[in-house]
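Subject: Structure handover

Hello,

Here is the structure I promised to pass on. Please open it first, then read my notes below.

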Amino acid sequence: MTKKPQVEITGWEARHYDRFLNLISLDRYGGLIGRAINDLQLRPEEIVMDLGAGTGRMVRLMLQQMNKQGRIYDLEVGDEMKTHLFELQKSDARLIIIHQRIEEPFLLPVQATLVFISFVLHGLHQQHRLQVIQNVHQNLQVGGRFCILDYNHFSLENAPWYVRLGIRHIECETTEDFITRDWPSLLPERGFSNIQLRRYARGYIRLLCCQKL
Ligand SMILES: C[S@@+](CC[C@H](N)C(=O)[O-])C[C@H]1O[C@@H](n2cnc3c(N)ncnc32)[C@H](O)[C@@H]1O
């Protein structure tokens, strides 16, 4: 039997995911994602595709910046995570939840103006990451934006001990590979341009946004 990727969070961890992140970040995670969502500079009528939406914590923040025409398509496979999303959907019909593996081919009913993926890519193997990028390209309007919030590209050897410990022993086993990848160089080869970067948490986390050509 093949092992489920560690980034597919289930069970106890999924039920208490937001509290768990607040705890291990010493309550700094909320501020970080608030800044990152502001940095997305959403337009009110944005059609967002959110890949691996989790509990919907980011979704809530995005919806606050969108008007009635705005939509968020949340692609998610985790049962417990979807339970959180269905709760949120009860009070906000702009949210559409789709059970879909993001590395498998799919076509949304509309093309998105913004694709967002937060803390998912680092947990996939590189060939699956590249399949996700291909799916993003297919489901995004020309000129639309693709934004990745995840670990930055950095040297683990030169990082402080607690960063090395976190990446090597707490995070998914694919994370160390993810941080060696130079995404600003890889994305232009896959039909994206106009790369923009914002850094958080002493530069270990970044928001990378680019545009479909
Ligand atoms: C680390 S959590 C991040 C959640 C959210 N994006 C955030 O930043 O708070 C990863 C999420 O991606 C989902 N996920 C992982 N692999 C997936 C896949 N192949 N297809 C769809 N969802 C996936 C997991 O179920 C989980 O909810």
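Which residues of the largest nonpolar core touch the most other members? They are Leu51, Met62, Phe116 and Phe146, in a core of 69 residues. Strand E5 (residues 140-151) gives the most to this core, namely 6 residues. Please keep in mind that this is a predicted model.

Phe146 is worth a look on screen. Leave aside its neighbours within four places in sequence. Its contacts are then Val115, Ile117, Ile133, Val136, Leu140, Leu187, Phe192, Leu208, Cys209 and Cys210.

Next, the sheet. It is open and has 7 strands, with mixed pairing. The order is E3-E2-E1-E4-E5-E7-E6. Strand E3 (95-99) and strand E6 (192-200) stand at the edges. Each has a single partner strand, so one side of each is left without a neighbour in the sheet. From one strand to the next, the twist averages 20°.

Now E5 and its pairing with strand E7 (residues 205-212). The two run antiparallel, and 7 bridges join them. Asp150 has its bridge partner in E7: Arg206.

Two helices pack on the sheet:

- Helix H5 (residues 79-90) touches strand E2 (71-76) and E3. The direction of H5 makes about 155° with that of E3.
- Helix H6 (residues 126-139) touches strand E1 (47-51), strand E4 (112-118), E5, E6 and E7. The direction of H6 makes about 145° with that of E5.

In short, E5 gives the most residues to the core, is joined to E7 by bridges and is touched by H6.

Best wishes

How values were computed
Residues are numbered from 1 along each chain as its sequence is written. This is a predicted model: local features need pLDDT of at least 70, side-chain atom pairs count only at pLDDT 80 or more; totals for chains, interfaces and linings use all residues. Side-chain values use heavy atoms; hydrogens and water are left out. A nonpolar core is a set of buried Ala, Val, Leu, Ile, Met, Phe, Trp, Tyr and Cys residues joined through side-chain atoms within 4.5 Å. Buried means under 20% relative accessible area, exposed over 50%, partly exposed in between (1.4 Å probe, protein chains only). Helices (H or I, at least four residues) and strands (E, at least two) are DSSP runs, numbered from the N terminus. Contact means heavy atoms within 4.5 Å. Two strands pair if DSSP finds at least two bridges between them. Axes are lines fitted to C-alpha atoms, for helices over the stretch in contact, and angles run from 0 to 180 degrees between N-to-C directions.
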